[in-house]
Amino acid sequence: PEHADGICLLIELNRTTKSGSENGLQYDQGTTLFFLRDNAGRILECSTSFLVTDEQWHHLTWDIVDSTTNNMRVAVDGQAVMLSWGQRDRPSEFIRLEQSLMLGVRNEAGKVSNHLCGYIANLRMWVQGDMLLGSWPMTGGYGISAIDVSGQGRHGIMHNCSWDGNDTPHRTIAFKGNGNGCIRLPVYALGEAMADFKVEFWFKCGNTGNPMSLLLSSA
């Protein structure tokens, strides 16, 4: 098992959890993990076996309606999916983030792992119901920035990933599955609002057989 002691928010492919923090995060091919932890160490986590590592584009929505009542939903391609639950501790104590939100890689205190091999596009986040935190189309096709079009200036920075137009009408960002390729999003205000948070995005990847991080935030 792999522990997530420094992580407060995580979506990871080929990963599930066993109830009880001593078990850590478990490898499970074809399963997607959704993990939330507050500043006091209380965890809300679930996973779905709905297959998304099939080289097709999928739309993913993770809606933490109210973590203090363990109210959390996941939808794939507009349809709610069945969830298998791990810990449900009603997390409620959240603080402002000190690090950027990471897309496409796990980075814990400089230890880089679980690289995504695939694409992410059209990512949006809301807090407190309908308050838009940021919107990143990721279809600009040039430069090293993932532009935030919400008007709030939370532009992401690309590291060792590239624009690729082979599979989409517009050039989108490709993660190569190695090195430290990622996008860093400066959404520090998210930390205080994780009890009521929603994220949605499109992504495409094959199954490399390894855990792959889609979205991660470290405490």
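How many bridges pair β3 with strand β7 (residues 84–88), and in which sense, parallel or antiparallel? Hold on to that one for a moment, since a quick look at the whole chain helps. Keep in mind that what you see is a predicted model.

Start with the overall picture. The chain has 19 strands and zero helices, so if you go looking for a helix in the sense used here, at least four residues in a DSSP run, you won't find one. Of its 219 residues, 53% count as buried. The surface that the chain exposes comes to about 9,600 Å², and carbon and sulfur atoms supply 46% of that. Now think about who touches whom. Take the contacts between residues at least 6 apart in sequence: 63% of them join residues at least 24 apart.

Back to the opening question. β3 and strand β7 run antiparallel to each other, and they pair over three bridges. If you want a spot to look at, find S47: its bridge partner in β7 is S84. β3 has another partner too. Strand β2 (residues 25–37) pairs with β3, again in the antiparallel sense, over six bridges. Here you can look for L36, whose bridge partner in β3 is L44. β2 and β3 form a hairpin, with five residues between them. In the turn sits G41, which has a positive phi of about 90°.

What about the surroundings of β3 itself? This strand covers residues 43–48, and six of its six residues are buried, so the rest of the structure largely encloses it. Follow the side chains along the strand and you'll see them split into two sets: I43, E45 and S47 point one way, while L44, C46 and T48 point the other way. Both sets are buried.

Next, hop over to S67, in the loop between β4 (58–66) and β5 (71–76). Is S67 buried or exposed? It counts as buried, because its relative accessibility is 0% and the cut-off for buried is under 20%. The S67 side chain reaches the backbone oxygen of P91 at 2.6 Å. Set aside the neighbours within four places in sequence, and S67 is in contact with L36, L44, R90, P91, F94 and A195. Two of those names have come up already: L36 and L44 are the bridge partners from the β2 and β3 pairing.

Two other loops are worth a stop for their backbone angles. E55 is in the loop between β3 and β4, and it has a positive phi of about 65° although it is not a glycine. With a relative accessibility of 48%, E55 counts as partly exposed. Q128 also has a positive phi without being a glycine, with a value near 50°. You'll find Q128 in the loop between β11 (117–127) and β12 (131–136).

Now for the aromatic rings. The structure holds four aromatic pairs. One of them is W62 with F197, an edge-to-face pair whose centres are 6.4 Å apart, with 80° between the planes. W62 lies in strand β4 and F197 in strand β18 (residues 197–205), so this pair ties together parts that are 135 residues apart in sequence. Both W62 and F197 are buried. Another pair brings together F201 and F203: the ring centres are 5.8 Å apart and the planes are at 55°, so this pair counts as tilted. F201 and F203 are buried as well. Finally, F34 joins W62 and F197 in one aromatic cluster.

Last stop: the cysteines. How many disulfides does the count come to? Zero. Two examples show what is going on. The closest cysteine sulfur to that of C117 is in C205, 8.0 Å away, which is too far for a bond. For C182, the closest cysteine sulfur is in C161, at 6.7 Å, and that is too far as well. A disulfide would need the two sulfur atoms within 2.5 Å. As for their surroundings, C117 is partly exposed, with a relative accessible area of 32%, whereas C182 counts as buried at 3% relative accessibility.

Definitions and conventions:
Residues are numbered from 1 along each chain as its sequence is written. This is a predicted model: local features need pLDDT of at least 70, side-chain atom pairs count only at pLDDT 80 or more; totals for chains, interfaces and linings use all residues. Side-chain values use heavy atoms; hydrogens and water are left out. Buried means under 20% relative accessible area, exposed over 50%, partly exposed in between (1.4 Å probe, protein chains only). Contact means heavy atoms within 4.5 Å. Accessible areas come from the Shrake-Rupley method with a 1.4 Å probe; for residues, only the protein chains shown count as cover. Two strands pair if DSSP finds at least two bridges between them. A polar contact is a pair of N or O atoms within 3.5 Å; within protein, one must be able to donate a hydrogen and the other to accept it, and residues adjacent in sequence count only if both atoms are side-chain atoms. Rings of Phe, Tyr and Trp (its six-membered ring) pair if their centres lie within 6.5 Å; planes under 30 degrees apart count as stacked, over 60 as edge-to-face and the rest as tilted.
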